[in-house]
Amino acid sequence: MRVLALAGRRLAASIPTLFLILIGVFLLLQLAPGDTVDAMMAQMGGGDATTAKQLREFYGLDLTVGAQLANYLWRLVRLDLGFSAIYGKPVATVIAERLPATLLLMTASLSLAFFFGLILGVVAARRVNRWQDTLISTLGLVFYAMPTFWFGLMAIVVFAIYLQWLPAGGYEDITVGLTGLRRTLDIARHLTLPTLTLGLFYMAIYLRIMRGSMLEVLNLDFVRTARAKGMDETRVIVRHVLRNALLPMVTLIGLQAGTMLGGSVVVESVFSLPGLGRLAYESVVQRDLNTLLGIVFVSALLVIVVNFIVDLLYARLDPRITTGT
Amino acid sequence: MQVLKLYLRSPPAIIGLVLLVLVVAAALSADWLYPRDPLALAGRPLLWPFANPRFPLGTDNSGRDIAAQIFHGARISLLIGLVATTISVMIGITVGALAGYHGGWVDTALMRITEAFQTLPNFLLLLVLVAVFGSTITTVTLAIGIVSWPASARLTRAEFLSLRNREFVQAGRTLGLKDAKLIFGEILPNALPPVIVYASVVMAIAILLESALAFLKLSDPNVASWGNLIGVGRDVLRVQWYVSAIPGVAILITVLAVSLVGQGLNDALNPRLKGR
């Protein structure tokens with residue numbers, strides 16, 4: 001319970017941050033040349049000034065900046081993100097349609113990165129400065145230095161064009177209309193390459209952190225004690241070392257949540273996945289500022305939620321957090 | 001000297017340095033080797049590498065020399081990396097120093113802002129900035145600097161928190177030194193080394209961010225950027241994959257070089273932490 005109270009306090013503390021972000025981005029977008037109505041008129045192939053004026057009145061764009069901001073925040077409180085002129089739907093609907101693909105991609109990539117980062121990090125630390133360590137560390141460096149979108153393109157060349165094992169893009173095969181398990185498998189096939197693309201970059205970071213914190217913990221007194229007691233090595237690693245070495249890894253998930261969402265913009269564009277990241281890109285290109293602002297809001301919310309979960313996890317891993325401060 | 005000796009003891013650090021020298025050499029020799037505009041048409045489009053000795057790396061979709069674009073791209077990447085990193089670290093140091101030194105409400109306010117920047121996905125903010133201010137090379141560089149300062153601010157703040165009540169600072173305070181003098185003259189020089197080492201991480205990320213932006217065709221189309229070239233090559237990926245492949249390798253080498261040098265510096269400056 002105290003864990004929940006603690007995490008709840010942290011959650012409440014992030015509300016001012018959220019408002020700061022929204023006000024900042026809202027004011028920033030006011031500086032953008034042209035507004036939604038301009039974009040709409042351009043899309044319709046031009047129009048006269050009276051229509052533009054009517055549209056501006058309809059969308060409340062003729063009010064002062066302060067009034068517009070107040071309007072926007074008041075609507076947000078009621079979870080209304082406004083209307084997307086480009087998509088002809090409420091922004092909340094557009095985002096809700098795109099969210100599943102991104103969440104799926106992020107969860108899959110994060111799991112991949114965390115799982116393999118953990119294993120490779122442990123192996124590298126146990127074999128420190130031997131060939132296994134050198135190999136793993138080099139691999140990590142290369143994955144870290146590789147632009148994700150480039151890795152994605154090369155993966156398409158190899159796996160989709162030459163080997164033809166996996167589809168080159170898209171979220172699912174819509175021509176056949178699969179249902180149930182077949183559909184799930186189809187989506188999984190489509191998400192394999194994007195997940196690898198996004199995940200391997202983060203795996204590189206996780207494995208480096210895991211290796212570092214393993215090496216640190218392996219030198220601590222309680223590990224020596226456990227070994228001296230005659231405990232076998234696997235148990236020492238799993239029961240004593242891993243639990244403590246995991247703390248920095250868990251912290252990193254919270255810190256990386258934002259970057260990962262950002263990374264999905266590029267990956268979704270490479271694989272033409274109908275996700276939030278691609279939506280962000282499209283709204284930038286089409287100057288759909290309402291949608292862009294909505295995406296910023298939802299992304300910030302997502303990062304805050306991930307951090308909330310990380311706090312809970314953290315408290316489970318390190319009981320001192322609940323008994324201490 | 002001691003640091004240099006320690007640095008040269010590690011093979012990865014030497015490899016990093018060699019790679020970095022190569023990239024810098026490519027950037028410096030670009031004008032001399034390829035005096036013509038790298039974005040000008042040079043020959044038949046889509047020539048494979050080595051197919052024509054005039055174009056060792058081939059030509060792209062519209063017949064522009066890929067080798068020329070790679071050499072000129074090195075200048076763009078290094079320039080954007082250096083300038084964006086300088087901007088980002090300067091903002092980070094200022095914010096972190098003020099927050100860590102003053103504490104209290106200044107600290108709270110500045111950290112709230114830092115947190116806001118960290119909560120917002122940085123690539124998303126980059127998109128917003130580019131959408132608003134356009135995508136000339138200057139605005140792109142500035143925008144990358146603006147989205148990547150929070151980590152260095154936190155790092156500087158942590159250093160300041162641990163240094164601000166040390167004896168030498170208290171001595172300065174008793175001597176009646178002004179805050180500005182204490183911050184920049186006394187504490188900052190001691191807080192700087194870890195921040196400078198971290199700058200290599202910022203630079204690696206800055207280069208990657210620019211290339212991603214260019215790939216999405218949201219960066220300056222009028223400069224020979226590696227990301228632009230990858231984006232161009234994407235249209236002919238099915239058959240002429242080398243157009244995208246070559247600039248990707250260039251980015252990989254550059255980012256690898258910067259990271260290795262940074263890591264080597266870190267190990268040399270903090271020998272105690274070696275092997276992490």
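User: In this predicted model, how many residue pairs are in polar contact between chain A and chain B, with both at pLDDT 80 or more?

Analyst: A pair counts here when N or O atoms lie within 3.5 Å. With both residues at pLDDT 80 or more, the count between chain A and chain B is six.

User: Which helices of chain A each supply at least two residues of the side that touches chain B?

Analyst: The contributors are spread along chain A, from α1 (2-30) to α12 (289-317). Between these come α6 (131-145), α7 (148-162), α8 (180-218), α10 (233-270) and α11 (276-285). The full set is therefore α1, α6, α7, α8, α10, α11 and α12, with helices taken as DSSP runs.

User: How do the residues on the side of chain A that touches chain B divide into nonpolar, polar and charged?

Analyst: Contact is taken as heavy atoms within 4.5 Å, and 51 residues of chain A meet 42 residues of chain B. The residues on the chain A side divide into 41 nonpolar, seven polar and three charged.

User: What area is buried between chain A and chain B, and what share of it do carbon and sulfur atoms give?

Analyst: Across this interface the rule finds zero salt bridges. The buried area is about 4100 Å², and the share from carbon and sulfur atoms is 78%.

User: How many salt bridges does the structure hold over all chains?

Analyst: Side chains of opposite charge can pair when their charged atoms come close. One such pair is A:Glu282 and A:Arg98, at 3.1 Å from N to O. Over all chains the number of salt bridges is seven.

User: How many residues apart are A:Glu282 and A:Arg98?

Analyst: A:Glu282 is in helix α11 of chain A, while A:Arg98 is in helix α5 (residues 91-126). Their salt bridge links distant parts of the chain, and the separation is 184 residues.

User: Which helix gives the largest share of the nonpolar patch on chain B?

Analyst: The patch covers about 760 Å² and includes B:Met1, B:Leu8 and B:Val21. Both α1 (2-8) and α2 (11-33) of chain B supply at least two of its residues, and B:Leu8 is in helix α1. The largest share, five residues, comes from α2(B).

User: How many helices and strands does chain B have?

Analyst: From the N terminus on, every element in the run of chain B is written α. The C-alpha atoms fill a box of roughly 75 × 45 × 30 Å along the principal axes. The totals for chain B are eleven helices and zero strands.

Methods:
Residues numbered from 1 in each chain as written. Chains lettered and ligands numbered in written order. Predicted model: local features only at pLDDT ≥ 70, side-chain atom pairs only at ≥ 80, totals over all residues. Heavy atoms only, no water. Buried area = accessible area lost by both parts, 1.4 Å probe. Salt bridge = Lys/Arg side-chain N within 4 Å of Asp/Glu carboxyl O. Polar contact = N/O pair within 3.5 Å; in protein donor to acceptor, adjacent residues only side chain to side chain. Helix = DSSP H or I, 4+ residues; strand = E, 2+ residues; numbered from the N terminus. Nonpolar A, V, L, I, M, F, W, Y, C, P; charged D, E, K, R; others polar. Patch = residues over 30% accessible without salt bridge, like charges linked within 9 Å, V, L, I, M, F, W, Y side chains within 5 Å. Areas by Shrake-Rupley, 256 points an atom, 1.4 Å probe, with all protein chains shown as cover.
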